[in-house]
Amino acid sequence: MEKQGSRLLLEIYCAASETPTGAFEDQVLNLIKPFLGFERSTWGTGALTPIGLDIHNVHLLHDDPEEMLLNYEEVKHQDDVVMKYFKFRGNTAIVYSPSLYQGRKKLGMLSLAKRFEHQNMLVTTNRGEGNHCQWISLYRASEQQYTEEERQLCEFLVPHLMEALTINRVVHLDSVGMENRRYARGFSDRKGLLQFVEPNLTNLFQSEWSSWNDSLLPTPLLEAFVTANGTRFRGRHIVVHAVRQKGLLFLGARKRCAADELSERELQVAKHIAAGLSHKEIARLINIAPATARNHTQTIYGKLQVSNKAKLIAELGLIGEV
């Protein structure tokens with residue numbers, strides 16, 4: 001078993017670097033399925049509230065219906081799994097639904113467990129800051145309850161699954177345009193709960209908001225990226241870009257610089273100047289008069305406080321545009 005466990009961990013971490021984000025969870029859940037004998041699962045992040053679990057992001061194994069989540073929202077206040085087990089960090093619990101959800105006040109959860117084949121569960125949580133948490137629940141439809149040996153194996157594997165998931169998403173940062181090393185990077189779930197931040201990203205956030213020290217995105221970024229669905233935030237000291245993918249916000253931040261003061265048209269012209277185009281060529285390419293292109297050039301050089309193309313290219317490099 002020890003040899004099998006080592007091979008399994010190797011396969012999990014190989015999948016972290018080789019599998020596209022969004023496909024990773026199914027990949028590794030299918031790897032561990034022969035060892036733990038489950039048919040369905042949920043793997044997500046959320047926050048504990050007085051009325052139950054507020055789900056931020058959740059991955060369902062490929063054959064689990066989305067309808068389950070809609071039904072869960074209606075009865076989540078009855079979910080004793082959350083109340084009893086989500087307060088622990090890293091522990092795995094064996095849960096038998098008919099025993100847990102007893103009485104008229106729990107009929108909604110009992111019905112959901114029967115309908116979506118959640119008779120037997122292995123539930124593992126990783127409690128974060130405040131009321132935030134990550135969890136993985138594995139469901140077995142049959143009456144065959146999980147054994148203590150299976151519980152221990154699950155408790156051993158889940159921290160590796162969560163770590164591998166983080167690695168997978170960090171690798172993915174490059175593929176969503178965050179490969180420029182001038183940016184400090186990180187990502188959060190769709191409600192702003194930070195899953196990973198590079199140290200420089202924390203420093204940049206604190207340079208803009210001195211009192212910030214949290215597991216959530218700073219409030220102005222929550223408003224810009226979560227509430228308003230924006231993709232760019234320009235603060236007094238920093239600029240932050242966001243890319244949405246697979247229910248996540250991939251983030252890149254850097255110090256604000258002179259090139260950030262350029263308008264979109266000025267930035268367009270500046271990139272053409274950096275590429276070596278003449279005023280006439282720029283004018284023809286973006287459909288403006290040569291005199292207008294020349295005026296834009298003068299304005300650009302003034303805003304950047306540079307006197308030649310080499311220095312202009314250096315300034316544009318600070319925002320990753322050359």
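These legends accompany close-up views of a predicted model.

**View 1. A five-stranded open sheet with antiparallel pairing.**
Welcome to the sheet whose strands follow the order β2-β1-β5-β4-β3. Strands β2 (52-60) and β3 stand at its edges, and each has a single partner strand, so one side of each is left without a neighbour in the sheet. From one strand to the next, the twist averages 30 degrees. When you follow any strand here, it helps to recall that in a regular strand the side chains alternate between the two faces of the sheet.

**View 2. Strand β1 and its partners β2 and β5.**
Is β1 largely enclosed or left open by the rest of the structure? Nine of its ten residues are buried, so β1 is largely enclosed. On one pairing, eight bridges join β1 to β2, and the two run antiparallel. A hairpin connects β1 to β2 through two residues, and Leu 48 has Leu 53 in β2 as its bridge partner. The pairing of β1 with β5 is also antiparallel, over eight bridges. To find your place in that pairing, look for Arg 40, whose bridge partner in β5 is Tyr 139.

**View 3. Strand β4, paired with β3 and β5.**
Strand β4 covers residues 120-127, and seven of its eight residues are buried, leaving the strand mostly covered. Towards β3 (residues 92-96), five bridges make an antiparallel pairing, where Tyr 96 stands opposite Asn 120 of β4. Towards β5 (residues 132-140), eight bridges join the strands, again antiparallel. Two handy landmarks mark this second pairing: Leu 122 has Leu 138 in β5 as its bridge partner, and Arg 127 stands opposite Cys 133 in β5.

**View 4. The turn between β4 and β5.**
Here we look at the hairpin that β4 and β5 form, with four residues between them. Which residue in the turn has a positive phi? That residue is Gly 130, with a phi of about 60 degrees.

**View 5. Helices α3 and α7 against the sheet.**
Helix α3 (residues 67-75) lies across β1 (40-49) and β2, and runs at about 175 degrees to β2. Helix α7 (residues 148-172) also packs on the sheet. Which strands does α7 touch? They are β1, β3, β4 and β5, and the direction of α7 makes about 135 degrees with that of β5.

**View 6. Arg 140 and the ring of Tyr 146.**
This small view is about a charge and a ring. The charged end of Arg 140 sits over the ring of Tyr 146, at 3.9 Å from the ring centre.

**View 7. A second five-stranded open sheet, from β7 to β8.**
The strands of this sheet come in the order β7-β6-β10-β9-β8, with antiparallel pairing. Its edge strands are β7 (194-197) and β8 (232-234), each pairing on one side only. The twist averages 20 degrees from one strand to the next. At the β8 edge, three bridges join β8 to β9 (residues 238-245), and these two strands run antiparallel. Look there for Arg 234, whose bridge partner in β9 is Val 239.

**View 8. Aromatic pairs, with Phe 187 and Phe 250 among them.**
How many aromatic pairs does a search of the whole structure find? It finds seven. In one of them, the ring centres of Phe 187 and Phe 250 are 5.8 Å apart and the planes lie at 50 degrees, so the pair is tilted. This pair links distant parts of the chain: Phe 187 belongs to β6 (residues 184-189) and Phe 250 to β10 (residues 248-255), with the two residues 63 apart. Both Phe 187 and Phe 250 are buried.

**View 9. The aromatic cluster around Phe 205 and Trp 212.**
The rings of Phe 205 and Trp 212 have centres 5.3 Å apart and planes at 90 degrees, so this pair is edge-to-face. Phe 205 and Trp 212 are both buried. Which residues form one aromatic cluster with them? Trp 209 and Phe 233 join Phe 205 and Trp 212 in that cluster.

Note on methods
Residues numbered from 1 in each chain as written. Predicted model: local features only at pLDDT ≥ 70, side-chain atom pairs only at ≥ 80, totals over all residues. Heavy atoms only, no water. Buried < 20%, exposed > 50% of the residue type's maximum accessible area, 1.4 Å probe, protein only. Pairing = 2+ DSSP bridges. Phe/Tyr/Trp six-rings, centres within 6.5 Å; stacked < 30°, edge-to-face > 60°. Lys NZ or Arg CZ within 6 Å of the ring centre and 35° of its normal. Axes fitted to C-alpha atoms, helices over the stretch in contact; angles between N-to-C directions. Contact = heavy atoms within 4.5 Å.
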